[in-house]
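Open the structure in your viewer and keep the selection tool handy. We will go from stop to stop, choosing something to select and then looking at what is there.

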Amino acid sequence: MTVLVTGIGKGIGQALAQKFLAEGHDVVGTYFQSVPDFSHDKLTCIPLDLSDGASVVSAVHEIEKLGIKFDVLINNAGALFDEEETKVVIDKLRKTLEVNLIGTINFTEQILESVSSNAHIINISSRAGSHEMHLQEKSHEPFQYPAYRISKSALNMYTVFLSHQLAPRKITVSSVHPGWVRTDMGGEEADITPEEAASDIYKFALTRPESGQFWHNGKRLPW
């Protein structure tokens, strides 16, 4: 199986790349500023800045030159710029959307011809983007990181849209909440390691669940 993972320079993306490699799969991984500090004869690394349209075009061109069809695409790369905010800061919202939404969509749309029929596309989302789960909490505390939440909610809609677009090719499209993970973004107090999150996502990537849905550990989450 051949896999494309964005953001393998650290965190969940790095753990995902290493998990797929350990299981014998071929991996093409993109990285932003953190050049992967590991290598493998089945690993190809390509730089990608999702906020830069020219970088997206360049990365897609380099991937297409490999002549590979991908069985799994995991849109893992993302950013959190407003961790301490409880109000929308427009500049931070714009930066967040450029990476988590616009850049991810731009990259995905351009790489679709390199995705095999019957493949599985996974967008790494977050329960922070779930409308229903926040309403169920009934908390009067202000939401933190609203730009990040908005970006993941919008990414979930892209999952639904893409699932309809790719249905004729029998491509499954899923949003996945990886859990609260001990990364630069999740912090040291988080529940699980990147390796634990990657193991769960790896197993899920090999399945063919109902397309256009939101998942965590194989269980459906509400939008």
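A crossing of two helices is called right-handed if the near helix is turned clockwise from the far one by less than a right angle, and left-handed if it is turned anticlockwise. Keep that in mind for the helix pairs on this tour. One more thing before we start: the model you are looking at is predicted.

**Stop 1: helix 1 and helix 6**

Select residues 11–22, which form helix 1, and residues 194–205, which form helix 6. How do these helices cross? Helix 1 passes helix 6 in a right-handed crossing. Their axes come within 8 Å and cross at roughly 55°. Angles from 35 to under 65 degrees fall in the oblique range, and the two helices are therefore oblique to each other.

Now show the side chains. On the helix 1 side of the contact you will find Gly11, Ile12, Ala15, Leu16, Lys19 and Phe20. They meet Pro194, Glu195, Ala198, Ile201, Tyr202 and Ala205 of helix 6. Colour this contact by class and you get nine nonpolar residues, one polar and two charged.

**Stop 2: the largest cavity**

Stay with helix 6 for a moment. How many cavities of 30 Å³ or more does a search of the whole structure find? The search finds one, and about 60 Å³ of space lies in it.

To see its lining, select Val176, His177, Pro178, Ala197, Asp200, Ile201, Phe204, Trp215, His216, Asn217 and Gly218. Helix 6 and strand 7 (213–216) are the elements that give two or more residues to this lining. Which of the elements gives the most? Helix 6 does, with four residues. By class, the lining of the cavity divides into six nonpolar residues, four polar and one charged. Look again at Ile201: this residue lines the cavity and also takes part in the contact with helix 1.

**Stop 3: the largest pocket**

Next, select Gly78, Leu80, Tyr148, Thr183 and Met185, the lining residues that lie nearest the centre of the largest pocket. The whole lining has 50 residues, and about 1,400 Å³ of space lies in the pocket.

Which elements should you highlight here? Helix 1, strand 2 (26–31), helix 3 (90–111), helix 4 (131–137) and helix 5 (146–165) each supply at least two residues of the lining. By class, the lining of the pocket has 19 nonpolar, 19 polar and twelve charged residues.

**Stop 4: helix 3 and helix 5**

Keep helix 3 and helix 5 selected and hide the rest. Their axes come within 9 Å and cross at roughly 20°. That angle makes helix 3 roughly parallel to helix 5. The crossing of helix 3 with helix 5 is right-handed.

Many residues take part in the contact. From helix 3, they include Leu93, Leu97, Leu101 and Ile105. From helix 5, they include Tyr148, Leu155, Tyr158 and Phe161. In this contact there are twelve nonpolar, six polar and three charged residues. Tyr148 may look familiar, as it is one of the residues nearest the centre of the largest pocket.

While you are in helix 5, click on Ser153. How far is Ser153 from Leu101, C-alpha to C-alpha? They are 9.5 Å apart in space and 52 residues apart in sequence. Leaving out residues up to four places away in sequence, Ser153 touches Gly129 and His131.

**Stop 5: helix 2 and helix 3**

Finally, add helix 2 by selecting residues 53–65. The axes of helix 2 and helix 3 come within 10 Å and cross at roughly 30°. That makes helix 2 roughly parallel to helix 3, and the crossing is right-handed.

Zoom in on the contact: Gly53, Val56, Val57, Val60, Ile63 and Glu64 of helix 2 meet Asn106, Phe107, Gln110 and Ile111 of helix 3. These residues divide into six nonpolar, three polar and one charged.

How values were computed:
Residues numbered from 1 in each chain as written. Predicted model: local features only at pLDDT ≥ 70, side-chain atom pairs only at ≥ 80, totals over all residues. Heavy atoms only, no water. Axes fitted to C-alpha atoms, helices over the stretch in contact; angles between N-to-C directions. Parallel < 35°, antiparallel > 145°, perpendicular 65-115°, else oblique. Contact = heavy atoms within 4.5 Å. Nonpolar A, V, L, I, M, F, W, Y, C, P; charged D, E, K, R; others polar. 1 Å grid on protein atoms, 1.4 Å probe; cavity = no way out; pocket = protein on both sides within 12 Å on 5 of 7 lines; lining within 4 Å. Points joined across faces, edges and corners; volume = space filled by probe spheres on them.
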